[in-house]
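Please open the model in your viewer and keep the sequence beside it, since the tour below moves from one selection to the next.

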Amino acid sequence: MAMSDSADKALAERLQREEYFANETFEGVDLQGLELRDKEFYRCTFEGCQLQESRWQRTVFEACVVRGSNVTRARFISTGLREVRFEGSKLMGIDWSDLSSNPELSFQECGLSYCSFVGLSLRKTPFLKCVARESNFYDLDLTDADFTGTDLGGSNFRGCMLLRADFSDTTGAFLDPSVNKLKDTRVPIETAVGLARNLGMLVTGFHDEAPKRLGRKSRPSP
């Protein structure tokens, strides 16, 4: 049930005042632009919330779920995420690079376009059926990460460890082995063909045949 403006205000004041929240569900609340620091959330659920441009500093989320919420351009500064699931949420324009080390999180059917992930360990992180267009993935450990079904059009991967990462059924993924470490990395045919073309090769059945150079016509004998 969505909360009224007065209820939203009361909750915002409580969030400012208290430090620890456990086993609570925050449903339909509007906390846009809220600034919080030094808080801890344990087994809490944020359902259908408006959290755009909120700011979370030195906060810990453990075993929490963010579902069907708009978290666009939120800031997570020195924030710990432990077993946190984002499901069906808008997470566009977020710089995740300031998270505390070794976050444990997962994304399913989320909007992750225009995001930045830099210098994090995201081993085994699921990015399932998301839209992550024009996002930056730099200097990450993505060993065993799973991007199955995600749209990565226009996104950049650089300096990433992609061992056993799964890009099956992704669209728009371009993984340059000269600037990333790949081994047993699963990619769709589209990605493999694009890489081959970038390296100057034509894959039979996928690229037009290169025009054959004609030799000089022989001059007629005198």
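Begin by selecting the three strands of one sheet in this predicted model: the 3 strands lie in the order E13-E15-E16, the sheet is open, and the pairing is parallel. Strand E13, residues 116-118, and strand E16, residues 156-158, stand at the edges, and because each has a single partner strand, one side of each is left without a neighbour in the sheet. If you draw the strand axes, neighbouring strands of this sheet turn out to be rotated by 5° against each other on average, with direction ignored.

Next, restrict the view to E13 and strand E15, the latter covering residues 136-138; these two pair in the parallel sense over 3 bridges. To look at a particular pairing, select Ser116, whose bridge partner in E15 is Asn136.

Now leave the sheet and turn to the cysteines. How many disulfides does a search of the whole structure find? The search returns 0 disulfides, and two residues let you follow the reasoning.

Select Cys44 and display its sulfur: the closest cysteine sulfur belongs to Cys64 and lies 5.0 Å away, which is too far for a bond. The cut-off applied here is a sulfur pair within 2.5 Å. Selecting Cys64 gives the reciprocal view, as its closest cysteine sulfur is the one in Cys44, at 5.0 Å, again too far for a bond.

Finally, switch to a surface display and ask of this pair: buried or exposed? Cys44 is buried, with a relative accessible area of 1%, and Cys64 is likewise buried, with a relative accessible area of 0%.

Conventions. Residues are numbered from 1 along each chain as its sequence is written. This is a predicted model: local features need pLDDT of at least 70, side-chain atom pairs count only at pLDDT 80 or more; totals for chains, interfaces and linings use all residues. Side-chain values use heavy atoms; hydrogens and water are left out. Two strands pair if DSSP finds at least two bridges between them. Helices (H or I, at least four residues) and strands (E, at least two) are DSSP runs, numbered from the N terminus. Axes are lines fitted to C-alpha atoms, for helices over the stretch in contact, and angles run from 0 to 180 degrees between N-to-C directions. Buried means under 20% relative accessible area, exposed over 50%, partly exposed in between (1.4 Å probe, protein chains only).
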